[in-house]
Amino acid sequence: MHIQITNINSKVVEVAIRGNSIECNVSSSRFKAVRVAGRRWVILSTNEDLNDLVDKAKVIAKDGEGIKLADAELAVGDFKFKSGYFDEDNAIELLKDLKNNFDGIVEAILTYERNYREINTSDGADAREEKEITDLNISVAERGVASLHVGGIGGLEVVEDKFEFLVEELKRRLKGLKKAKYLNPLMRGTKFDVILAKESACAFIHEIVHRLEADVLCEIDDGVDITVYDNPMGFGGYHFDDEGVLAKEKCLIDNGKVISYLHTRESAFKFGDVPMGNGRGIFTIPKAFQTNLFVERGDWTFDEMVEETKEGFIAEGLIRAEIQNEIVHIYPELCWYVKSGEIICPAIVNVIKIPAKEALKRIKGIGKEYFERIGYEKGFAISEKSPPIIVEAVVS
């Protein structure tokens, strides 16, 4: 029987501007969780003393054959990411300054989280970690909505350093949205070369890697050119995962070929692999999930990508991305129509579709310029860092 005890202490400060409202909310939480793997998984948690929760979980889980976990290199000791500073008044002033740069309706939510995590397991994990992350999610509504989500490890300085980029990038996108034209109906449902840029490229990689989660593994064909790593040292990362396994960088896709998967200790046992720190979640059974995805740069400059496009689109920004019926759906904020190697005009594109199983085969080129997307999924902090990617896709 495997027993894990987790202690979490966190403080969250959320500062926001929504239209004519300024908000600042502070919350703290503390809880302890017991996770036992016996004949079945049992997870119990409390914000009080553990008392008899461990004994209770052991009785429910029952001893004997059932859940099997792979051996792993477990974390022992104290770990800490770099720290920063956070001041609520300065955060409010930063958001006010951002708002004053735009004529439209601005919603900006700045979140600072300081987290302390301690994990002990019956087979030897005994580790503690401190981490601070700050992120800003901003949307500006004029004709259409332009949005950006930035952040990183540390305090308010993480966002302050990106202030000029935020203003310039949002203004550029808003200008494009004002001039965007609807697609010719005859073009809808047609295959084009699409240059996935910025958030759109990151989202494409994110959806591909979902298929490499070993607990829900899906088939994917080999392609060429692209190499993807999962690296735990970033916004979505940690020194050890939620099972107490030391987190390490791993190559998932090497030159278009899948060579490894994201594992929990349970899925690693089933595959005969070594877990490398991708078990996430405290209140559920561990979930195999990414931390920070990193795509190796390619040979193309962005200008070369455009020049080599006879007819197609550039997609940037992101409304959402998902896999539906084995098709990757990317809903971009803004597209640009390209004809004979020239950017003609901004265009309104509803969705870009790429078959999920053939996604790697549809890649035609990788760029050089990096963009990082951060976010949260299933409550987990994550990020992707990718250059532009040319894919063959259906545009609607």
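This passage walks through the overall form, strand pairing and empty spaces of a predicted model.

The protein chain of the model contains seven helices and 25 strands. Its radius of gyration is 23 Å, close to the 21 Å that the globule rule gives for 396 residues, so the chain is as compact as a globular protein of that length. Along the principal axes, the C-alpha trace spans about 70 × 50 × 30 Å. One pair of residues helps to give a feel for these dimensions. Ile3 and Glu93, which are 90 residues apart in sequence, lie 47 Å from each other in space, C-alpha to C-alpha.

Ile3 also offers a handy view of local packing. This residue belongs to strand S1, which covers residues 2–18. With neighbours within four places in sequence left aside, the contacts of Ile3 are Arg35, Val36, Val54, Lys58, Asn120, Thr121 and Ser122.

Attention turns next to the strands. Strands of a sheet pair through backbone hydrogen bonds, and they may do so in parallel or antiparallel fashion. In this model, six strands form an open sheet with mixed pairing, arranged in the order S12-S11-S10-S15-S24-S23. The edges are occupied by strand S12 (257–258) and strand S23 (371–377); each has a single partner strand, so one side of each is left without a neighbour in the sheet. Helix H5, residues 199–210, packs on this sheet and touches S10, strand S11 (250–254), S15, S23 and strand S24 (380–386). The direction of H5 makes about 50° with that of S23.

Within the sheet, strand S10 (residues 228–230) pairs with strand S15 (residues 292–295) in the antiparallel sense, over three bridges. Asp230 stands opposite Leu293 of S15. The pairing of S23 with S24 is also given as antiparallel, here over seven bridges. Glu377 has Phe380 in S24 as its bridge partner. S23 and S24 make a hairpin with two residues between the strands, and in this hairpin Lys378 takes a positive phi near 55°.

Strand S9 (residues 190–196) has pairings of both senses. With strand S25 (residues 389–395), S9 runs antiparallel and is joined by seven bridges; here Asp193 stands opposite Glu392. With strand S16 (residues 311–316), S9 pairs in the parallel sense over four bridges. In that parallel pairing, Leu196 faces Ala315 of S16 as its opposite residue.

The empty spaces of the model can be explored in a similar way. Rolling a probe the size of a water molecule over the atoms shows where empty space is left. The structure holds one cavity of 30 Å³ or more, and the largest cavity contains about 40 Å³ of space. Its lining is made up of His2, Gln4, Arg35, Trp41, Leu69, Glu243, Arg265 and Pro286. By class, these lining residues divide into three nonpolar, two polar and three charged. Arg35 thus appears both in this lining and among the contacts of Ile3.

The largest pocket holds about 590 Å³ of space. Of the 23 residues that line this pocket, Glu113, Asn115, Asp242, Arg280 and Gly379 are the closest to its centre. Strand S5 (105–121), strand S6 (126–142) and S24 each supply at least two residues of the lining. The largest share comes from S6, with four residues. The lining of the largest pocket comprises 10 nonpolar, five polar and eight charged residues.

The second largest pocket contains about 500 Å³ of space. Its lining has 24 residues, and those nearest the centre are His149, Leu318, Ile319, Arg373 and Ile374. Two or more lining residues come from each of S6, strand S7 (144–153), H5, strand S17 (320–324), S23 and S24. S23 gives the largest share, seven residues. By class, the lining of the second largest pocket has eight nonpolar, seven polar and nine charged residues.

The sheet and the second largest pocket meet at several elements. S23, an edge strand of the open sheet, provides the largest share of the lining of this pocket. H5, which packs on the sheet, is also one of the elements giving two or more residues to that lining. S24, the antiparallel partner of S23, contributes at least two residues to the lining of the largest pocket and two or more to that of the second largest.

Note on methods. Residues numbered from 1 in each chain as written. Predicted model: local features only at pLDDT ≥ 70, side-chain atom pairs only at ≥ 80, totals over all residues. Heavy atoms only, no water. Pairing = 2+ DSSP bridges. Contact = heavy atoms within 4.5 Å. Axes fitted to C-alpha atoms, helices over the stretch in contact; angles between N-to-C directions. 1 Å grid on protein atoms, 1.4 Å probe; cavity = no way out; pocket = protein on both sides within 12 Å on 5 of 7 lines; lining within 4 Å. Points joined across faces, edges and corners; volume = space filled by probe spheres on them. Nonpolar A, V, L, I, M, F, W, Y, C, P; charged D, E, K, R; others polar. Rg over C-alpha atoms; globule rule 2.2 N^0.38 Å.
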